[in-house]
Amino acid sequence: MGEPIRKTHFSYAQYLAMTELDNDKYEYYRGEIYAMAGGTANHSMVSGNTLAELRSKIKEKGCIVFTNDLLIRVETNDAAFYPDVSAVCGEPEFDPHNPNAIVNPIVIAEVLSPSTESWDRNRKRLAYQQLDSLKEFLLISQKEPEVERHTRLQGNEWTYATFSDLQGHVTLPNLNVKLSMAEIYFGTKF
């Protein structure tokens with residue numbers, strides 16, 4: 001993630017007002033607004049594949065999966081992000097200030113890009129982990145078959161695992177599902 005679009009502190013309300021007038025997507029973090037960059041073919045493919053694989057595994061559990069067009073509000077961190085993939089089990093709960101942002105994802109997946117990898121691994125991950133609803137957080141490489149899974153244990157304690165076998169699965173223990181690595185990376189060129 002690059003520099004904020006302006007070196008001015010914005011309130012969340014100002015951010016929402018600005019984004020209503022603009023067709024571009026922006027993320028918000030503690031008073032700063034960041035323009036979203038476009039992605040590569042691999043990024044789009046891995047993101048779409050992850051969405052399809054996750055949806056196929058959790059729709060029977062009363063869960064719905066969202067694309068990167070849905071904003072996630074993390075009020076405790078004064079942040080709002082567009083993850084590549086997110087999922088809610090049960091009814092989505094919406095931000096009281098923005099009916100287009102949810103506050104209760106159970107799964108979030110970010111596909112890593114060279115320009116955003118540090119941002120995704122650090123600020124976004126730490127902010128997302130403040131969401132009481134979040135149970136599984138995935139960081140997915142687009143350069144090689146590698147998925148990093150952060151799983152909530154008790155309270156705010158998290159465990160970490162890495163998956164890199166294209167013939168294997170990424171387990172999501174809190175949802176009791178396995179995502180196929182071959183499906184996540186279907187069609188991807190390394």
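A charge is said to sit over a ring when NZ of Lys or CZ of Arg is within 6 Å of the ring centre and within 35 degrees of the ring normal. In this predicted model, R73 lies over the face of Y12, at 3.5 Å from the ring centre. A lysine gives another example: the charged end of K25 is placed over the ring of Y82, 4.9 Å from the centre of that ring.

Rings also meet one another. Searching the whole structure turns up ten aromatic pairs. One that rewards a closer look is formed by F81 and Y128, whose ring centres are 5.4 Å apart; their planes stand at 75°, so this pair is edge-to-face, given that planes over 60 degrees apart fall in that class. F81 belongs to strand 5 (residues 79-81) and Y128 to helix 3 (residues 117-128), so their pairing ties together parts that lie 47 residues apart in sequence. F81 counts as buried because its relative accessibility is 0%, and Y128 likewise counts as buried because its relative accessibility is 0%. Both residues also belong to a cluster in which ring pairs link Y29, Y34, F81, W119, Y128 and F137.

Turning to the nonpolar interior, it helps to recall that in soluble globular proteins nonpolar side chains tend to be buried together. Here the largest nonpolar core has 25 residues, and the members that touch the most others are L54, I140 and V170. Helix 2 (residues 41-58) gives the most to this core, contributing four residues. Leaving aside residues up to four places away in sequence, L54 is in touch with V65, V85, A87, V107, L172 and L179. A second core, separate from this one, holds 20 residues, among them V74, F81, A127 and W158. F81 is thus found both in the second core and in the aromatic cluster.

The model also contains an open sheet of six strands, arranged in the order 3-6-9-10-11-12 with mixed pairing. Strand 3 (63-66) and strand 12 (158-163) form its edges, each pairing on one side only. From one strand to the next, the twist averages 15°. Within the sheet, strand 10 (residues 136-140) and strand 11 (residues 147-152) run in the antiparallel sense and pair over five bridges. For readers following along in the structure, E136 can serve as a starting point: its bridge partner in strand 11 is T151.

How values were computed. Residues numbered from 1 in each chain as written. Predicted model: local features only at pLDDT ≥ 70, side-chain atom pairs only at ≥ 80, totals over all residues. Heavy atoms only, no water. Core = buried A, V, L, I, M, F, W, Y, C linked by side-chain atoms within 4.5 Å. Buried < 20%, exposed > 50% of the residue type's maximum accessible area, 1.4 Å probe, protein only. Helix = DSSP H or I, 4+ residues; strand = E, 2+ residues; numbered from the N terminus. Contact = heavy atoms within 4.5 Å. Phe/Tyr/Trp six-rings, centres within 6.5 Å; stacked < 30°, edge-to-face > 60°. Pairing = 2+ DSSP bridges. Axes fitted to C-alpha atoms, helices over the stretch in contact; angles between N-to-C directions.
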